[in-house]
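Trainee: Please choose one part of this model and take me through a close look at it, with the cut-offs stated as you go.

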Amino acid sequence: MSEHTPKGTTPGRTTAPGETSPKELRRTVGASVVGTIAEYYDFFIYGTASALVFNKVFFPEVDPAVGTLAAFSTYAVGFFARPLGGLVWGHIGDRVGRKKALVFTLLLTGLGTFAVGLMPTYDQIGIWAAVILVLVRLIQGFGVGGEQGGAVLLTAEAAPPGRRGMFASFVQLGSPAAYLIPTGLFALLTSLLSEEAFVSWGWRVPFLLSAFVVLIGLFVRMRVNESETFKAAKETQAHQVAPLKLLARDHKREVFGGLFTKFVEAAVFPFYTVFLVSYAKEHGIDDSMVLNAVMIAIACELVAIPLIGRLTDKVGRRPVYLAAAVLNLVLVVPAFKAIESGSMVLVVLLLIAGLALGHAGTYAPQASYFPELFPARARYSGVSVVWQFGSMIASGPFTVVATALLIAGDGSYTWVALYVTALITVSIVALFFMPETAPNKRGGVEYADWGRGETAAPGAETAAPRAESLARN
């Protein structure tokens, strides 16, 4: 079915993406994972440094709690640049190509990270150090804004419909793995170096090593072929409306619903991996203990993600997503109690439940669920808008707001717990109004026009007005 064909004209027909050989599919999956690791290594390394050292390096003249708040503020800046990056790179990805967009986003983010490792500190140039830090963070955020949407598309568009959830979920390994690598480096450095040496120069090492990570990512990503789905969609682009205009006109439900469902995943990851590290430090608990617990939990998440992705192929995207969102809601207060206990066993168990089940259960489905919501010619833009605006709202200010609420509550976690609960609840409610998109749960029929012969579903989700508008364009 072409992009001009109204949805539902040949209901029930399923065409496997035969254009992609098993070898090419494996290469695409591998390149997407490695490229995402490289890009998110660059982005997440900043969060760990913000929790451990940036208050001392860039904001030493203020109260430690306020310095941590300021450090988290510069961390949040990157998230506010991501939606702009999502809009720009999404348009490029839909019009020029998925692969080209991904190469440039990786370069932008990597150069920004390497620059942080060379930056002067507050003691050397005063407040200008913080100003430069914010500018670099903006560049990073702009680059990452186009990363995840493109990476999941390359794999999702190459995968067989019946196993799309599993194959696409492999791309999601990049984010936790990218957090694991710098977290491990920081844990090693803090254990080997004195605090003075770590603050003086040790914190720079993970940033400078990003140059090697980016080079590997570029090498792998350059060897991947362009998406066949994009090639097919591009043939009919000449007289089509712009991707963003198409989304605004015909896909408001998918855009806003997807954005709200993103909240839970976007909030709980920094909650478990960044905020709780800082919370432990404020309570006099050894931060290396919490970092070690985080690494154990993320190692478990790396195993869980593809298993959960496969589960979404069998039972659907929504049931898995919803169950994990509810689990995250249940774990909010126990997370604080586990940290306050100072017990390594309790912290590890809590974080395994929160990351390997709660976060993975919302993160793995996104790689197939979000692409399946949108037609091929606006898919990069649709996924990027949902991903980046959802992240900006729920994840961008999270550590800043949570730290401010902790200060306002004189160290009590009550207001922070309510904040996390509110974000999770938004996603739970949104999921009740969203469609199921897994082809295996729709009789082999795609929810949206996939662009290479697969059939979009007739009925409520693909109502006649939308089909007519697609036919006109």
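Mentor: Helices (H or I, at least four residues) and strands (E, at least two) are DSSP runs, numbered from the N terminus. The model is a predicted one, in which local features need pLDDT of at least 70 and side-chain atom pairs count only at pLDDT 80 or more, while totals for chains, interfaces and linings use all residues. Residues are numbered from 1 along each chain as its sequence is written, and side-chain values use heavy atoms, with hydrogens and water left out.

The loop between helix 20 (398-408) and helix 21 is where Asp-410 sits, and its phi is near 55°, a positive value in a residue other than glycine. Asp-410 is exposed, its relative accessible area being 75% (buried means under 20%, exposed over 50%, partly exposed in between, with a 1.4 Å probe and protein chains only). Helix 21 (residues 414-432), at the other end of that loop, has the highest confidence in the protein chain at a mean of 97, whereas helix 22 (residues 464-472) has the lowest, at 35 (pLDDT is the predictor's confidence in each residue, from 0 to 100). Over residues 1-18 the pLDDT falls below 50, although this stretch has 59 contacts in the model beyond near neighbours in sequence (contact means heavy atoms within 4.5 Å). Residues 458-473 likewise have a pLDDT below 50, with 33 contacts beyond near neighbours in sequence. Where pLDDT is low, the predicted coordinates should not be read in detail. Across the protein chain the pLDDT averages 81, and 84% of the residues score at least 70.

The part to look at closely is the packing of the helices, since the secondary structure of the protein chain comes to 22 helices and 0 strands. Of the 473 residues in the protein chain, 61% are buried, and among contacts between residues at least 6 apart in sequence, 86% join residues at least 24 apart.

Take helix 7 (residues 147-156) to begin with, which holds Thr-155. Thr-155 is buried, with a relative accessible area of 0%, and, leaving aside neighbours within four places in sequence, Thr-155 is in contact with Leu-25, Thr-28, Val-29, Ser-32, Phe-167, Ala-168 and Val-171. Helix 7 also packs with helix 19 (residues 379-394) at an angle of about 130°, the axes being 8 Å apart (axes are lines fitted to C-alpha atoms, for helices over the stretch in contact, and angles run from 0 to 180 degrees between N-to-C directions). That makes helix 7 oblique to helix 19 (angles under 35 degrees count as roughly parallel, over 145 as roughly antiparallel, 65 to 115 as roughly perpendicular and the rest as oblique). Their crossing is right-handed (the near helix is turned clockwise from the far one by less than a right angle; anticlockwise would be left-handed). On the helix 7 side the contact is made by Gln-148, Gly-149, Gly-150, Val-152 and Leu-153, and on the helix 19 side by Arg-379, Tyr-380, Val-383, Ser-384 and Trp-387. By class, this contact has 5 nonpolar, 4 polar and 1 charged residues (Ala, Val, Leu, Ile, Met, Phe, Trp, Tyr, Cys and Pro count as nonpolar, Asp, Glu, Lys and Arg as charged, and the others, Gly among them, as polar).

Helix 8 (residues 164-171) gives a second case, for its axis and that of helix 16 come within 7 Å and cross at roughly 150°. Helix 8 is therefore roughly antiparallel to helix 16, and helix 8 passes helix 16 in a right-handed crossing. Arg-164, Gly-165, Met-166, Ser-169 and Phe-170 of helix 8 make this contact with Ile-305, Pro-306, Gly-309, Arg-310, Thr-312 and Asp-313 of helix 16, and these residues divide into 4 nonpolar, 4 polar and 3 charged. Helix 16 (residues 287-315) also contains Ala-297, which is buried at a relative accessible area of 0%. Not counting residues up to four places away in sequence, Ala-297 touches Leu-351, Ile-352, Leu-355 and Ala-356; between Ala-297 and Ala-353, 56 residues apart in sequence, the C-alpha to C-alpha distance is 8.0 Å.

Finally, helix 15 (residues 252-282) and helix 17 (residues 317-341) pack at about 15° with axes 11 Å apart, and the two are therefore roughly parallel to each other. Their crossing is left-handed, and the contact of helix 15 with helix 17 has 15 nonpolar, 2 polar and 2 charged residues.
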